[in-house]
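Notebook open, structure loaded. I start with the ligand and work outwards from there.

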Amino acid sequence: RGNEDGRTGLATKTRPKTKKPSLYKVLLLNDDYTPMEFVVLVLEKFFAKGPDEATRIMLHVHHKGVGVCGVYPYEVAETKVTQVMDFSRQNGHPLQCTMEKE
Ligand code: TYC
């Protein structure tokens, strides 16, 4: 619609109905104990990465100390962090996952 009401001629506001949610990066942190294959599994299982991309991200974290697994709206990012932390603890690994505003 435009900025004028069709019947009354009164001004109306043209504006997208919804606002975009803020996005959050989900980060994996390096440690000395979590097996590389487990980190690859986490990236495949919770972040829908294929084997090559998962391995690339894992090696990036291994060498740089931190890396981005994906970017999501707040609640999705929060769920991924919880899933990764729970799954890692269930399997006896100290892997750390966190999030930060993009
Ligand atoms: N540094 C670990 C090792 O040498 C592998 C690893 C990679 C751990 C990425 C955590 O987020 C991580 N086994």
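**Ligand contacts.** I looked at Thr 34 first: a polar backbone atom of this residue sits 2.9 Å from a nitrogen atom of the ligand. I count a polar contact as a pair of N or O atoms within 3.5 Å; within protein, one must be able to donate a hydrogen and the other to accept it, and residues adjacent in sequence count only if both atoms are side-chain atoms. Asp 31 also offers a polar backbone atom, 2.7 Å from a ligand nitrogen. With Asn 30 the side chain does the job, an N or O atom being 2.8 Å from a nitrogen of the ligand. The protein covers 89% of the 350 Å² of accessible area that the ligand has on its own (Shrake-Rupley method, 1.4 Å probe; for residues, only the protein chains shown count as cover).

**Ground rules.** This is a predicted model, so I note that local features need pLDDT of at least 70 and side-chain atom pairs pLDDT 80 or more, while totals for chains, interfaces and linings use all residues. Numbering runs from 1 along each chain as its sequence is written, and side-chain values use heavy atoms, with hydrogens and water left out.

**Shell.** I listed the residues around the ligand, among them Leu 29, Met 36, Val 39, Met 58, His 62 and Leu 95 (near means a heavy atom within 4 Å). They divide into six nonpolar, three polar and one charged (Ala, Val, Leu, Ile, Met, Phe, Trp, Tyr, Cys and Pro are nonpolar, Asp, Glu, Lys and Arg charged, the others, Gly among them, polar). Both α1 (36-47) and α2 (51-64) supply at least two shell residues, and α2 has the largest share with three.

**Fold.** I get three helices and three strands, in the order β-α-α-β-α-β (DSSP runs numbered from the N terminus: helices H or I, at least four residues; strands E, at least two). Of the 102 residues, 28% are buried (under 20% relative accessible area; exposed is over 50%, partly exposed in between; 1.4 Å probe, protein chains only).

**Salt bridges.** I find two (a side-chain nitrogen of Lys or Arg within 4 Å of a carboxyl oxygen of Asp or Glu). Lys 25 pairs with Glu 100 at 3.3 Å, N to O. Lys 25 is in strand β1 and Glu 100 in strand β3 (residues 96-101), so this bridge ties together parts 75 residues apart in sequence. Arg 56 pairs with Glu 53 at 3.1 Å; the two are three residues apart in helix α2, about one helical turn. Arg 56 is partly exposed at 48%, and so is Glu 53 at 32%.
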